[in-house]
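Please take a moment with the sequence and the model that follow before reading on. The paragraphs after them move from one contact neighbourhood to the chain as a whole.

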Amino acid sequence: MARGFFLFHRVALEVAILLATTYLAVQESTWSQGSQTTGTVATVSAASFDRIAPVAPESIVSAFGANFASKLEIAATVPLPVQLGGTTVAVNGQLAQLFFVSPAQVNFLIPRGIQQGEASIVISAPDGRVSRGVIRVAN
């Protein structure tokens with residue numbers, strides 16, 4: 001069962017990466033390292049890539065940008081890890097479980113218990129860069 005779970009998610013991630021290259025009109029925030037801006041980050045529901053619809057707790061979110069990780073890594077354990085390749089994602093200060101990280105994309109699970117409304121997203125890269133953004137959460 002676990003093998004089928006990971007195969008399904010690996011295929012879903014590959015499809016998400018292909019879709020991301022053609023569709024990135026989404027909520028944006030900026031990467032910063034000190035006062036230096038180095039790019040933008042976009043977050044969407046990984047199920048619909050809808051830029052307007054809110055996400056639910058325990059749903060999968062895709063974040064797109066630059067310099068998230070030094071290489072591609074896919075989670076290979078259940079429960080999912082909260083760190084892959086040195087990259088972490090926090091939603092309202094709570095570490096999120098990670099499906100996938102790459103230099104240009106991170107897929108993560110909105111943690112259970114995140115309250116409705118605007119949630120802060122903080123992506124920390126292994127080189128110390130931090131991306132801050134927001135996403136709308138609804139039940």
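Which residues does Val89 touch, not counting residues up to four places away in sequence? In this predicted model, the contacts of Val89 under that restriction are Gln94, Leu95, Ala96, Leu98, Val106, Phe108, Ile121, Val122 and Ile123.

Val89 also belongs to the largest nonpolar core, which has 26 residues, and is listed there with Val91, Phe108, Ile110 and Ile135 as the residues with the most contacts inside it. At least two residues of this core come from each of the strands E3 (60-64), E5 (88-91), E7 (97-101), E8 (105-109), E9 (117-124) and E10 (130-137). The largest share, four residues, is supplied by E7. In soluble globular proteins, nonpolar side chains tend to be buried together.

Strand E7 deserves a closer look. Four of its five residues are buried, so that E7 is mostly covered. Toward strand E4 (residues 73-74), E7 pairs in the antiparallel sense over two bridges, and within this strand Phe100 is the bridge partner of Ile74. E7 also runs antiparallel to E8, to which four bridges join it; here Leu98 stands opposite Phe108, and three residues lie between E7 and E8 in the hairpin that they form.

Seen as a whole, the chain comprises one helix and 10 strands, with the helix preceding the strands when the elements are read from the N terminus. Of the 139 residues, 39% are buried, while among contacts with a separation of 6 or more, 55% join residues 24 or more positions apart. The chain exposes about 7,400 Å², of which carbon and sulfur atoms supply 57%.

How values were computed
Residues are numbered from 1 along each chain as its sequence is written. This is a predicted model: local features need pLDDT of at least 70, side-chain atom pairs count only at pLDDT 80 or more; totals for chains, interfaces and linings use all residues. Side-chain values use heavy atoms; hydrogens and water are left out. A nonpolar core is a set of buried Ala, Val, Leu, Ile, Met, Phe, Trp, Tyr and Cys residues joined through side-chain atoms within 4.5 Å. Buried means under 20% relative accessible area, exposed over 50%, partly exposed in between (1.4 Å probe, protein chains only). Contact means heavy atoms within 4.5 Å. Accessible areas come from the Shrake-Rupley method with a 1.4 Å probe; for residues, only the protein chains shown count as cover. Two strands pair if DSSP finds at least two bridges between them.
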